Amino acid sequence: MGKMKETSDERPVYVFGHKNPDTDAICAAIAYANMKEYVTGKPHVACRCGRVNEETAYVLKRFGLKAPLLVEDVRTTVGDMDFRRLPGVSDEISVKEAWKIMHDNNVVTVCITAGNRLKGIISTGDLLETCMGVSAPTVLSDAKTRYQNILYALDGSMVLGDPNEIISSGAVHVAASTADILKDAVKKGDIVILGNRKSVQTTAIENGASCLIVSLDAEFSDEMLDMAKTHNCTIIRTPYDTFTAARFVIQSLPLRYLMKKRGLVKFRTDDFLDDVLPIMAEHRYRYFPVEDEKGNYVGMLSRRNLIGARKKQVILVDHNERSQAVDGIDAAEVMEIIDHHRLGTLNTTMPVYFRNQPIGSTCSIVYLMYRENQVPLTREMAGILLSALISDTLLYRSPTCTELDRKIGHELSIIAGVNEEELAKKMFRAGSHIAQKSPDEIVHQDFKRFPIDKQTVGIGQVSSMDTAEIDEIRKKVAPELESIRKADGVDRLYLILTNILEESSVVISAGAGAESTLKACFTGCKKSGDGILLPGVVSRKKQFLPAITGGPREEG
């Protein structure tokens, strides 16, 4: 699945055609998204909820355009929510720095990252436990703490040594006793917090202390500095008194020593809210790390963010049937519907802009809206609008075609710089070519489901300008049609094989009563091999579906 835009500053509107999209659905989505973005200045993303068929692929390639983004479900995701996009931190920073980040950002959790990848998390509870708990005197060396962290924790300055050096051994001592007592306590590699008593400083250095932390910014004599250099002893000066320095030094521990890094409960931006809620209920954390679909850390999600969860905004083109809309449509906010079919079963919670015209193609309506809104029409946009119009009207031969469609088609052909007949031949040849297709692929390349008399009826259609090809398709698909029907779970299955030049169709069918329904509903029909010939019938929407439903119904 492609990536949907996840920034919180500009919410895109997603423009969808129907499932099992044909050329009209794909081209209408592309052209309408382009027009809406031009008019509104807001991002509009053309989407599809199915594969691009061969006819449409030919059209897109011919006019140099990419297929719309594949999105199979528009339920609310983590990426639709305004979660905290707080950057991750290095595992080398100190406890004190992590605490400041939490305080400044009013959060109780910080995520630790390496590059863009999540390594661990740490919470205020973890920091409190570290600072309030009893730690071993060797904790700084156990954690391989850098002197830089001590400088930050103690607001100190480096008098002698390398801030990036790592403490690899030794314990921490507070020199509150005399030099004689200290002489037996301090070992090689230890860190000593002390004041300005020279005797204590001297003893600590001579005993091999790796670092002296001098409180109250006490002066350090040149003689003592030379001795420290000789013994390779680091010297740090802090403005705090000895007691305070001893309390704060624990805050220099690096986060990698304390962070949780196993069994992390995290989410992805493309996780659906329906799936996230039970996990959040099970784990009573305040914040959960969020990664994008590539596994990169992008922020943190809290329960508070769920309150402002926003539905995806969508526009539907070339359909208004709920069964043909992208999955999860009930969880989305439908903004507009642009269609040329009968009114369907899609309900909206709020009033929407709905444009429905009895015309041959949704792209004809889109073309009219380009003109009404004075939006420039490029050769590429004109090309795909014309292709969709030709596809839906079978090069103006379908009964759904109007005089307005013909007029629009001629205008578009001039802008696109193409010959309508030549474009039609190449499109239909690309769409009906079956050499590499399975029977299942042929049936479903332009396929829709309809609820009819408490049954589910599937209707596919293939159009060709070649009689021999129509016969080849029929012979290839007919033996497999019953197994395809069962796999699809429909009660009846029809495949309409339309001969564009002869303006007729042969229909092969499967399911109880499927063929008898055809004979009862169409006058003048006759048996043709393993199918039924319907002279003059080329439109699924205008002719076939109304006949088998016994009323003026159209496809969605």
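## Strand β1 and its neighbours

Strand β1, which spans residues 13–16, is covered on both of its faces, with Val13 and Val15 buried on one side and Tyr14 and Phe16 buried on the other. In a regular strand the side chains alternate between the two faces of the sheet. These assignments, like the others in this report, refer to a predicted model.

Two strands pair with β1: strand β14 (residues 313–317) does so in the parallel sense over four bridges, and strand β2 (residues 44–48) likewise pairs with β1 in the parallel sense over four bridges. Within these pairings, Val15 has Ile315 of β14 as its bridge partner, while Val13 stands opposite His44 in β2.

## Helix α4

In helix α4, formed by residues 124–132, the buried residues include Asp126, Leu127 and Thr130. They lie on the same side of α4, because the arc that they cover around the axis is only 95°. An α-helix has 3.6 residues a turn, so residues three or four places apart point the same way.

The packing partners of the buried residues of α4 are α3 (95–105) and β5 (117–123), whereas Leu128, Glu129 and Met132 are exposed on the other side of the helix.

## Helix α19

Helix α19 (residues 481–488) has Leu481, Ile484, Arg485 and Asp488 as its buried residues. Their directions span an arc of only 105° around the axis, and they are therefore on the same side of α19. The cover over these buried residues includes the helices α17 (439–444) and α18 (467–477), together with the strands β17 (447–452), β19 (492–499) and β20 (504–510).

On the face of α19 turned away from the buried side, the exposed residues are Lys486 and Ala487. The helix is followed by Gly489, which has a positive phi, near 70°.

## Internal cavities

The structure holds two cavities of 30 Å³ or more, and the largest cavity contains about 410 Å³ of space. Elements that give two or more residues to the lining of this largest cavity are the helices α2 (54–62), α14 (379–393), α16 (420–432) and α21 (540–549), along with the strand β18 (455–464).

The lining of the largest cavity consists of 28 residues, and those nearest its centre are Ser391, Asp392, Asp446, Gln461 and Ser463. By residue class, this lining divides into four nonpolar, 14 polar and 10 charged residues.

Terms used: Residues numbered from 1 in each chain as written. Predicted model: local features only at pLDDT ≥ 70, side-chain atom pairs only at ≥ 80, totals over all residues. Heavy atoms only, no water. 1 Å grid on protein atoms, 1.4 Å probe; cavity = no way out; pocket = protein on both sides within 12 Å on 5 of 7 lines; lining within 4 Å. Points joined across faces, edges and corners; volume = space filled by probe spheres on them. Nonpolar A, V, L, I, M, F, W, Y, C, P; charged D, E, K, R; others polar. Buried < 20%, exposed > 50% of the residue type's maximum accessible area, 1.4 Å probe, protein only. Arc of directions from axis to C-beta. Contact = heavy atoms within 4.5 Å. Pairing = 2+ DSSP bridges.
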